[in-house]
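Open the model in a viewer and follow the stops below in order. Each stop says what to select and what is found there.

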Amino acid sequence: MSGTVIIGAGMIPMGRHRNSSYPGLAVPAVSTALSSAGVSPAEVGYVACGHAFGGMLTGQRIVKDLGIGGVPVINVDNACSGGAAALQLASMAVVEGITDVALAIGVDKLTQFGGGTLPLVEEDPEVRSGMVMPALYAMRARRFLHERGEDSATLAEVSVKARRHGAANPFAQYRKVVTSEEVLAARMIADPLTLLMCCPTGDGAAAIVVASQDRWRKTGVRGAHIRASVLHSGKATTGFRNMLRPEITIHSANEAYEAAGISPEDIDIIELHDAFSIAELIYYEALGLCPEGDAAALLKGGHTTYGGKVVVNPSGGLIAKGHPVGASGVAQAVEVFWHLTGQAGNRQVEAARFGLCHVTGGGISGMDHGACTIHLLETARKRKAR
Amino acid sequence: MEKTEKYAPERMHTGPAGEQADGVMPFGDLAPGSAGNPLADFATIGGETFLRGARFASGVPAYPKRPLCPETGQPEQVEELFGPRGTLYSYSIVHVSNTRDVPYAIGYVDFLSSLRVLANIRIPAGRALACDGPVVLQSDGERWWVEPEGQA
């Protein structure tokens, strides 16, 4: 994705916004993104909107309220990766020369389901056998505890860190810190995962403006290069699969690092898919932050929080910031963009140059995940005039 | 115990794609009682329960049955029975679910034939679940499940 720059971003506070429609959720985020980029609606030449549960023409329903029309509007469903896939499409539209300015939107409203587990596709064989998303991650967690000799307190520590980070984020759904004891004492959702180890039900929206290098240079705004944009689908198997080694993330990350010409050690900030606390531990290893088997030590050593090697989920992640499915991929990129451009306020990761966004999309039977998207961003610096 | 499955190659039309529709009828994989029901396609032999799955010409095993091999996309397959014993790879007791009454237990069961199946689990009194623990298939005429093996 060389040549594309994020020049503006917006997000609404995640939460339970039962009185808001999909446009009601997304338009404020889009307006913020456009104004922060210094771009008028008329300049937007392409729109990609990621969502999982918005229904027909969600993107059009949003942008028509802003005066955007007569341009391609693509609606993207890739489960939790829908928003990130929309960002990739927006970037591709700029790379392909379709437009100089493209808009990526992520939005979803989960309160429409009234709570409980995410509705999965009921014709899937594993869903017909009782699979729900917390159970899938719970089985990963159970296997992790079995193989690594850890106990549930390690899973709880992920949530403690997430809530601590989220407490400083005005866009987070949960801003109250919790203790390990509170996490472990919360009601059980899918053994061994308690309520506070799971992402909440919530609504949200985020938006990003992507521009060409030339268009960005004409603006006075800070930007972030999209150094890599990788989207993989899952590969089905009927056989054995190591649930602690999510190959779709491993392959996507390796491809992204290679495309950007950087290594995991170069990354300053990561927003990763911690839909459930076990996921963060598994993805430390899959993203190459530590050798296989060292995830718990990386967390407990404080290496993934402020002052550590890399700050993982400074937003509070999906556990604290919230996880309105289709919105999350864009919201992650918004958060990383804000850090790379010095706009993250009290939670700013100092001197952040490289950021990684990772979001998967599952679950269907036979696959680790149905989708995985990784974006690598770098602070954009304008060349000085001679 | 092996037989050629109904998803036979002769169903596939080999002439020009626009010539006739007979070979491209949709799979009736959601029909009640169809092969491929993940909860009810099993056999009991000598008091033991087996899953009634298939093995494709590529060597890939499958349960539930499916029309095409997930590796090659080809339909050639023979029926194969899996079980009655397997190993519990991982499991969870589910306390929140939008699809059925809670709590219930599910887990991935590995069979020797390189097949992993998501199973419903029933836990007799006095027995416990464990990763890598042995489980055995059980059935009641309508459905199948697994139980941990060992002394109650």
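## Stop 1: two cis prolines

Begin by selecting Pro192(A), which sits in the loop of chain A that connects strand S5 (188-190) with strand S6 (193-194). The model is a predicted one. Show the backbone and look at the bond that precedes this proline: Asp191(A) and Pro192(A) are joined by a cis peptide bond, with omega about 10°.

Now move to chain B and select Pro64(B), in the loop between strand S3 (61-62) and strand S4 (77-82). Here the peptide bond from Tyr63(B) to Pro64(B) is cis, and omega is near -5°. Why pick out such bonds at all? Because most peptide bonds are trans.

## Stop 2: two alanines with positive phi

Most residues other than glycine have a negative phi. Select Ala79(A), which is not a glycine and yet has a positive phi of about 50°. Ala79(A) belongs to the loop between strand S3 (73-76) and helix H3 (82-95) of chain A. Is Ala79(A) buried, partly exposed or exposed? Its relative accessibility is 24%, so Ala79(A) counts as partly exposed; the buried class ends at 20%.

Next select Ala351(A), another residue that is not a glycine, with a positive phi of about 60°. Ala351(A) is in the loop of chain A between helix H13 (328-340) and strand S11 (354-361). With 72% relative accessibility, Ala351(A) counts as exposed, since that class takes values over 50%.

## Stop 3: a long distance across chain A

Select Ala297(A), in helix H11 (residues 295-300) of chain A. At 51% relative accessibility Ala297(A) counts as exposed, because the cut-off for that class is over 50%. Add Val73(A) to the selection and draw a distance between the two C-alpha atoms. How far apart are Ala297(A) and Val73(A)? The C-alpha atoms are separated by 45 Å, and the residues are 224 apart along the chain.

## Stop 4: chain A as a whole

Zoom out and colour chain A by secondary structure. How many helices and strands does chain A have? There are 13 helices and 12 strands. The radius of gyration of chain A is 19 Å, close to the 21 Å that the globule rule gives for 386 residues, so chain A is as compact as a globular protein of that length. The C-alpha trace spans about 60 × 45 × 40 Å along its principal axes.

Colour by accessibility next. In chain A, 63% of the 386 residues count as buried. Switch on the surface: the accessible surface of chain A is about 13,400 Å², and 51% of that belongs to carbon and sulfur atoms. For a view of charge, select the charged side chains of chain A, 34 positive and 35 negative; the centres of the two sets lie 6 Å apart. In a contact map of chain A, taking contacts between residues at least 6 apart in sequence, 78% join residues at least 24 apart.

## Stop 5: chain B as a whole

Hide chain A and show chain B as a cartoon. Chain B contains 0 helices and 9 strands, so the order of elements from the N terminus is β-β-β-β-β-β-β-β-β. Of the 152 residues in chain B, 45% count as buried. The exposed area of chain B is about 7,900 Å², with 52% supplied by carbon and sulfur atoms. Of the contacts in chain B with a separation of 6 or more, 51% come from residues 24 or more positions apart.

## Stop 6: where the chains meet

Show both chains again and select the contacting residues: 33 residues of chain A are in contact with 38 residues of chain B. The area buried between chain A and chain B is about 3,000 Å², and carbon and sulfur atoms give 55% of it. Which residues of chain A lose the most area to chain B? They are Arg128(A), Thr238(A) and Phe240(A), together 23% of what that side buries.

Finish on Tyr104(B), in strand S6 (residues 104-111) of chain B. Tyr104(B) counts as buried, at 9% relative accessibility. Leaving aside neighbours within four places in sequence, the contacts of Tyr104(B) include Gly130(A) and Val132(A) from chain A, and Ser92(B), Ile93(B) and Val94(B) from chain B. For a last distance, add Asn120(B): 16 residues from Tyr104(B) in sequence, with 7.8 Å between the C-alpha atoms.

Terms used:
Residues are numbered from 1 along each chain as its sequence is written. Chains are lettered from A and ligands numbered from 1 in the order in which they are written. This is a predicted model: local features need pLDDT of at least 70, side-chain atom pairs count only at pLDDT 80 or more; totals for chains, interfaces and linings use all residues. Side-chain values use heavy atoms; hydrogens and water are left out. Helices (H or I, at least four residues) and strands (E, at least two) are DSSP runs, numbered from the N terminus. The radius of gyration is taken over C-alpha atoms; the globule rule is 2.2 Å times the number of residues to the power 0.38. Buried means under 20% relative accessible area, exposed over 50%, partly exposed in between (1.4 Å probe, protein chains only). Contact means heavy atoms within 4.5 Å. Accessible areas come from the Shrake-Rupley method with a 1.4 Å probe; for residues, only the protein chains shown count as cover. Lys and Arg count as positive and Asp and Glu as negative; His and the chain ends are not counted. The place of a charge is taken as NZ of Lys, CZ of Arg, CG of Asp or CD of Glu. Buried area is the accessible area (1.4 Å probe) that two parts lose on being put together, summed over both.
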